[in-house]
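Good morning, colleagues. Please take a moment with the sequence and the model on the screen before I turn to helix packing and then to charged pairs.

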Amino acid sequence: MLVTTYNVRENLKITLSSIEQQDYPNLEVIMVDGQSKDGTLEVIREFAGRHEGPETSCMVRWISEPDDGLYDAMNKAFKMCSGDIVAVCNDRLCKPDAVSKLVRAIRQGGAGCIGAHADLVYVDGERVVRTWHMGEGSLRDGWLPGHPTMFLKREIYERYGVYDTSYKCAADYEFMVRFLKDESNRLAYVPEVLVAMFYGGISNAGLRNYMVSFWEGCLGLKRNGVRHPILISLKRTLLVLRQF
């Protein structure tokens, strides 16, 4: 599990609590902090301290140092991890068996299965702002999985590379386009809400950020040789609007 932080003390408590509740027996938690000043570091140290020693089922490593933003921190976290299956977890896992279900889906996915994803909800405190029933689809129809729910085999990062930090809002989108444009790569789908995403991330925090995300999405499609990038991005926007 890759966790990136910068002045998110209260949300981090929720994220780490949901990780501790997981029934999966062998978790690796990598935390990369951008030198927080709000008490986030104390939360990280307490969590790491609870998982010291050979008896723990959760191995923890962490650093706190300057970075060049979220995607740079995510790349640092990947370089620190050693697991065969990798997931970014900056939100709340909704069920104690969330990790187990996604890992099981990958292992049972058969040939061409590179990872798994599930449904998610966006939350503002305890209030559900919108629900994202991902289903299954194709890139050309504007569909992509919810990145916060996605568990990927390590080999995908090694084959296609990590997050492109030249993108301000849509590096996760471009990263997924990179490997899902190849239709031989399949994601298993778990039709349950397994992640509650904290509302207000960099790609959905206001109209200006959404417009940046839209055009960066078009750019990511174009750079990856996907035809009709503007049309696909418009279709993606319609799928988002249906969530409300």
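Let me begin with a convention: an angle between axes under 35 degrees counts as roughly parallel, over 145 as roughly antiparallel, 65 to 115 as roughly perpendicular, and the rest as oblique. I should also say at once that this is a predicted model.

With that in mind, consider helix α7, residues 207-223, and helix α8, residues 229-241. Their axes lie 8 Å apart and form an angle of about 135°. The two helices, α7 and α8, are therefore oblique to each other. As for handedness, α7 and α8 cross in a right-handed sense.

Which residues make this contact? From α7 there are Y210, S213, F214, W215, G217, C218, L221 and K222. From α8 there are P229, I230, I232, S233, L234, R236 and T237. Sorted by class, the contact of α7 with α8 comprises 9 nonpolar, 4 polar and 2 charged residues.

I now turn to the charged pairs. In general, side chains of opposite charge can pair when their charged atoms come close. How many salt bridges does the structure hold? The number is 14, and I shall discuss several of them.

The pair of R140 and E183 has an N to O distance of 2.9 Å. This salt bridge links distant parts of the chain, its two residues being 43 residues apart. R140 sits in the loop between β7 (127-132) and β8 (151-153), whereas E183 sits in the loop between α6 (171-180) and β9 (186-198). Are R140 and E183 buried or exposed? Both are exposed.

Helix α6 offers another setting. There, R178 and E174 form a salt bridge at 2.6 Å, N to O. The two residues are 4 apart in α6, so about one helical turn separates R178 from E174. Here R178 has a relative accessible area of 12% and is buried. E174, at 6% relative accessibility, counts as buried as well. Beyond individual pairs, salt bridges with shared partners connect K95, D97, K101 and E192 into one network.

One further pair deserves mention. D124 forms a salt bridge with R127, and their closest N and O atoms are 3.6 Å apart. Where a residue counts as buried under 20% relative accessible area and as exposed over 50%, D124, at 45%, is partly exposed.

To close, I would return to two points: the right-handed crossing of α7 and α8, and the salt bridge of R140 with E183, which links distant parts of the chain. Thank you for your attention.

Conventions:
Residues numbered from 1 in each chain as written. Predicted model: local features only at pLDDT ≥ 70, side-chain atom pairs only at ≥ 80, totals over all residues. Heavy atoms only, no water. Axes fitted to C-alpha atoms, helices over the stretch in contact; angles between N-to-C directions. Left-handed = near helix turned anticlockwise from the far one by under 90°. Contact = heavy atoms within 4.5 Å. Nonpolar A, V, L, I, M, F, W, Y, C, P; charged D, E, K, R; others polar. Salt bridge = Lys/Arg side-chain N within 4 Å of Asp/Glu carboxyl O. Buried < 20%, exposed > 50% of the residue type's maximum accessible area, 1.4 Å probe, protein only.
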